[in-house]
Amino acid sequence: MSATNAHPPASLFIGGEYVEGEGPALDVRYPYTGEVIAQLREASPAQVEAATRAAASAQAEWAALRPVERGRILSRAVQIIHDRAEELARLETLDTGKPIQETRVADWPSGAEALEYFAGLAATVTGQMIPLGGDFVYTIREPLGVCAGIGAWNYPSQIACWKSAPALAMGNAMVFKPSEETPLGALKLAEIFVQAGMPAGVFNVVQGRGAVGAALVTDPRVAKVSLTGSVPTGRKVYAAAAEGMRHVTMELGGKSPLIVFDDASLEDAVGAAILANFYSSGQVCSNGTRVFVQDGLHDAFLARLAERCADVRMGDPLDEATQHGPIISPAQAEKIRAAIASGLAEGARLVCGGPGEGAFIPPTVFADARDDMTITREEIFGPVMTVLRFTDEAEAVTRANATSFGLAAGVFTRDLARAHRVVAALQAGTCWINAYNLTPVEAPFGGVKQSGIGRENSAAAIEHYSQLKSVYVGTGPVEAPY
Ligand code: NDP
């Protein structure tokens with residue numbers, strides 16, 4: 001594939017085949033050069049409707065398969081993803097601008113692991129038998145029906161896999177809308193599912209901006225909406241879903257704390273802070289962007305961080321040596337630069353990085369920041385870390401929790417009792433001790449407070465893509481009062 005042509009056969013995938021969109025044009029740009037690499041069209045309202053209709057009519061047949069057969073098809077998809085790994089990594093890099101050294105190991109590989117995990121889990125889901133002394137009740141875990149998946153642009157293919165894997169394993173069908181910025185990976189996934197033997201219509205892709213997502217969320221056939229996006233979008237989508245009593249999973253933004261105590265390994269804590277802020281050019285929801293460092297380690301931490309950030313290799317994302325790629329879009333780069341400017345204007349000290357040029361913003365670290373500064377309070381979704389000094393444990397916990405977000409949190413210390421005590425007190429759905437931003441499929445992932453509802457990955461996700469039917473079985477005579 002040349003860097004200038006990532007054009008799929010058509011813009012949408014409905015009923016098992018590529019279909020050209022009938023809505024407005026949607027140009028896909030390679031974030032590194034800004035060149036148009038694919039010219040797509042959005043779905044028209046009639047096509048959104050056709051996609052949910054296709055999903056609804058395929059769902060019953062899909063749900064009627066033995067779970068082990070659904071699992072087998074998902075497993076075949078995993079194999080195809082592995083076979084096409086290099087092509088898929090390159091496409092992800094073109095779609096997102098993320099370095100190929102990341103997309104080879106993180107994006108599709110993580111998506112494939114989700115498919116592998118839920119393929120195996122599908123056949124293990126059972127109900128309960130509840131004895132009542134003669135009569136009894138049994139429960140059936142049933143699919144919800146048609147699920148709508150709506151994705152963000154930072155991990156487009158991983159998000160499509162993370163949402164479709166538990167949904168499809170449980171016998172649901174899905175209509176997925178990728179972010180308008182990164183529409184290509186989900187189409188590949190749809191193609192791969194069909195190649196793996198999945199019946200037509202079980203997984204469909206529509207393209208479009210927020211309005212297409214909004215139409216999907218309110219379609220009467222849709223029983224569940226799973227969104228990965230920002231908190232403001234989450235509020236709108238949750239409200240629209242509530243109108244129809246739809247189930248929701250909301251994976252939203254964050255402003256997560258990473259707390260580094262004096263006794264932590266300096267090198268590991270600095271490494272984790274880098275991973276927690278600069279991977280994918282900082283465009284990661286769970287990033288630990290408020291780095292609280294205890295007095296005794298504070299200065300050494302900043303000095304080592306600046307040293308290591310000076311070594312970063314920025315540049316062509318398709319170059320294997322590149323570690324730090326461009327920002328997804330000029331609009332997002334401007335938002336990040338505005339945040340950096342506000343940090344300077346509010347009096348924070350720039351330790352390294354800064355606004356950068358064009359599509360690139362280098363790893364940027366602020367020190368001497370206060371908790372009430374905009375850079376400390378608001379999600380930036382770019383490579384901007386704020387280092388905050390603290391003195392004692394109780395203070396660190398109180399300040400870490402003083403946010404409306406609650407996606408993730410990390411603690412670095414060699415004192416294990418303290419590590420567990422602090423994690424227990426932190427208001428976050430996903431926590432790490434002496435690690436950061438590792439999200440294995442075996443572990444539940446999701447947020448509390450404004451950062452979300454529900455969990456992705458792990459056996460917990462099964463509950464978010466199914467509902468319980470309770471069946472009472474009478475075994476004796478029926479006694480009526482008259
Ligand atoms: P947005 O909230 O802007 O968009 C998310 C998705 O929702 C996009 O596909 C968007 O479409 C769509 N959308 C927008 N408005 C509506 C609507 N009214 N109804 C239905 N769908 C709608 O997020 P970004 O794409 O900018 O992603 C960045 C955000 O995502 C950050 O806040 C980040 O923290 C969060 N995120 C959370 C993750 C998590 O797991 N918790 C993981 C990754 C990101 P379009 O883009 O086409 O307008």
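This section describes two strand sheets, the helices that pack in the model, and the surroundings of the ligand. The structure is a predicted model.

The larger part of the description concerns the sheets. An open sheet is built from seven strands, arranged in the order β14-β15-β16-β13-β12-β17-β18, and its pairing is mixed. Its edges are occupied by β14 (349-352) and β18 (430-433); each has a single partner strand, so one side of each is left without a neighbour in the sheet. From one strand to the next, the twist in this sheet averages 20°. At the β18 edge, strand β17 (residues 408-412) pairs with β18 in the parallel sense over four bridges. Within this pairing, Gly 410 has Trp 432 in β18 as its bridge partner.

Two helices lie across strands of the seven-stranded sheet. Helix α9 (residues 266-278) lies across β12 (257-260), β13 (290-294), β15 (364-367), β16 (384-390) and β17, and runs at about 140° to β16. Helix α13 (residues 393-401) lies across β12, β13 and β16, with an angle of about 145° to β16.

A further open sheet consists of three strands in the order β5-β6-β20, with antiparallel pairing. Here β5 (129-131) and β20 (466-473) are the edge strands, each pairing on one side only. The twist averages 20° from one strand to the next. Three bridges join β5 to strand β6 (residues 136-143) in the antiparallel sense, and Met 129 stands opposite Tyr 138 in β6.

Helix packing is illustrated by α4 (residues 100-122) and α5 (residues 156-169), whose axes are 8 Å apart and meet at an angle of about 5°. The two helices are therefore roughly parallel to each other. Among the residues making the contact are Trp 108, Leu 115 and Phe 118 of α4, together with Cys 161, Trp 162 and Pro 166 of α5. By class, the contact of α4 with α5 comprises eleven nonpolar, five polar and one charged residues.

The ligand is surrounded by 28 residues, of which Gly 151, Ser 230, Thr 233, Leu 252 and Glu 379 come nearest. Polar atoms of other residues also lie close to ligand oxygen atoms. For Lys 177, a polar side-chain atom lies 3.0 Å from an oxygen atom of the ligand. Backbone atoms are involved at two further residues: a polar backbone atom of Glu 180 is 3.1 Å from an oxygen atom of the ligand, and a backbone N or O atom of Gly 210 lies 3.2 Å from a ligand oxygen atom.

Notes
Residues numbered from 1 in each chain as written. Predicted model: local features only at pLDDT ≥ 70, side-chain atom pairs only at ≥ 80, totals over all residues. Heavy atoms only, no water. Axes fitted to C-alpha atoms, helices over the stretch in contact; angles between N-to-C directions. Parallel < 35°, antiparallel > 145°, perpendicular 65-115°, else oblique. Contact = heavy atoms within 4.5 Å. Nonpolar A, V, L, I, M, F, W, Y, C, P; charged D, E, K, R; others polar. Pairing = 2+ DSSP bridges. Near = heavy atom within 4 Å. Polar contact = N/O pair within 3.5 Å; in protein donor to acceptor, adjacent residues only side chain to side chain.
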